[in-house]
Amino acid sequence: MKLFRIRPHEPKSTGDDRPAQSLWRYIWLMSGRHQIVVCLIAISVAALGIVPLELQRRLVDDAISKQDMSLLTVLAVIYLAVVVVHSATKFMLRMYEGWLSESAIRHNRRHLSRLYAEDRTGNGEGENGRAVSIIGSEIEKLGGFVGDGLSQPVVNAGMLIFGIGYMVSVEPIIGLIGILALIPQIALVPVIQKQINQLIEKRVEKMREVSDELSELHPDEDNDHKELLDPIHRGISYLYNNRMWFFILKFGMKTLINLLNALAPLSVLIVGGYLAIKGETSVGIIVAFISGFDRMSSPMRELLSYYRMAAQAAVQHRMIAKWMN
């Protein structure tokens with residue numbers, strides 16, 4: 001398949017080779033005013049994601065319950081149109097984010113390659129293995145955060161705010177009870193993420209050390225490499241253990257979050273069912289709320305995932321900036 005060429009975004013030159021002072025300053029330098037546009041699109045995605053909740057309620061209470069076929073058809077067409085527009089807008093958002101991220105990665109690799117070449121020319125050999133690791137995999141992780149560094153919290157926080165606002169305005173009691181089931185996640189994640197960040201920083205530093213040691217191996221020399229291989233093997237063993245502890249914390253946190261997310265729709269069924277039996281609410285509201293909390297669990301997970309990614313990107317930025325300095 002022949003690929004058409006997409007012109008990359010070129011960050012505005014500052015004439016200063018020093019690294020950005022913070023992760024957020026780095027994001028702005030790499031994308032500039034494009035972040036404003038991408039955040040506006042993110043708000044549109046968030047708003048469109050909540051519209052189907054009201055349509056579901058009206059479909060059940062106004063069309064199906066009253067056996068109004070014409071209203072059912074109209075609402076179904078509107079529902080389909082909203083889903084299509086939402087999907088198209090989300091696709092556009094993802095492409096925009098990807099374009100900004102890949103443009104930043106391209107720019108960073110060219111920039112760091114030039115600085116490293118100048119350093120080697122003026123000051124000798126330099127650290128080959130470490131430079132390869134940073135310019136290769138590390139800068140890709142950091143640059144990948146540029147595209148969605150601001151838009152992702154905007155779209156997911158927006159969905160939560162719009163969703164909670166809608167449910168509380170329609171049926172305050174059910175909405176508030178369901179929201180209480182989501183609160184423990186906010187307190188849980190920062191504690192575990194702090195431990196994950198420490199593991200990531202140690203892993204990156206050890207990976208750099210192993211890369212440096214590997215670059216010192218020369219197969220054309222007639223000597224025993226055992227002394228050089230021993231620290232490399234110890235480093236590889238450390239990376240394995242580090243990763244296993246990372247998995248324990250990461251997947252343990254996800255399991256607990258999934259359990260907490262399941263409590264919200266259950267609380268809606270119990271409380272909403274009781275109110276429906278008493279005649280104080282409608283079946284349409286219960287259906288819409290169950291769907292709503294299911295929709296909100298996704299942006300909640302995304303926000304928690306974003307928090308982890310932002311913390312990891314901050315570690316990555318700090319370590320690359322330290323290497324540049």
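**Helix packing and nonpolar cores**

In this predicted model, the axes of helix 1 (residues 23–31) and helix 9 approach to within 9 Å and cross at roughly 90°, where axes are lines fitted to C-alpha atoms, for helices over the stretch in contact, and angles run from 0 to 180 degrees between N-to-C directions. Helix 1 is therefore roughly perpendicular to helix 9, a term that covers angles of 65 to 115 degrees. Helices are DSSP runs (H or I, at least four residues) numbered from the N terminus. Leu23, Trp24 and Tyr26 of helix 1 meet Tyr306, Ala310, Ala313, Ala314 and His317 of helix 9, contact being defined as heavy atoms within 4.5 Å. These residues comprise 7 nonpolar, 1 polar and no charged.

The largest nonpolar core (buried Ala, Val, Leu, Ile, Met, Phe, Trp, Tyr and Cys residues joined through side-chain atoms within 4.5 Å) contains 32 residues, and Phe289 and Phe293 have the most contacts inside it. Buried denotes under 20% relative accessible area, and exposed over 50% (1.4 Å probe, protein chains only). Among the helices that each supply at least two residues of this core are helix 2 (34–64), helix 8 (226–277) and helix 9 (283–324), and the largest share, 10 residues, comes from helix 9. Apart from this core lies another of 18 residues, including Leu23, Ala104, Leu112 and Phe145.

Gln67 is found in the loop between helix 2 and helix 3 (69–123); Gln67 is exposed, with a relative accessible area of 74%, and its phi is near 55°, a positive value in a residue other than glycine.

Residues are numbered from 1 along each chain as its sequence is written, and side-chain values use heavy atoms, with hydrogens and water left out. Local features need pLDDT of at least 70 and side-chain atom pairs count only at pLDDT 80 or more, whereas totals for chains, interfaces and linings use all residues.

How values were computed. Angles under 35 degrees count as roughly parallel, over 145 as roughly antiparallel, 65 to 115 as roughly perpendicular and the rest as oblique. Ala, Val, Leu, Ile, Met, Phe, Trp, Tyr, Cys and Pro count as nonpolar, Asp, Glu, Lys and Arg as charged, and the others, Gly among them, as polar.
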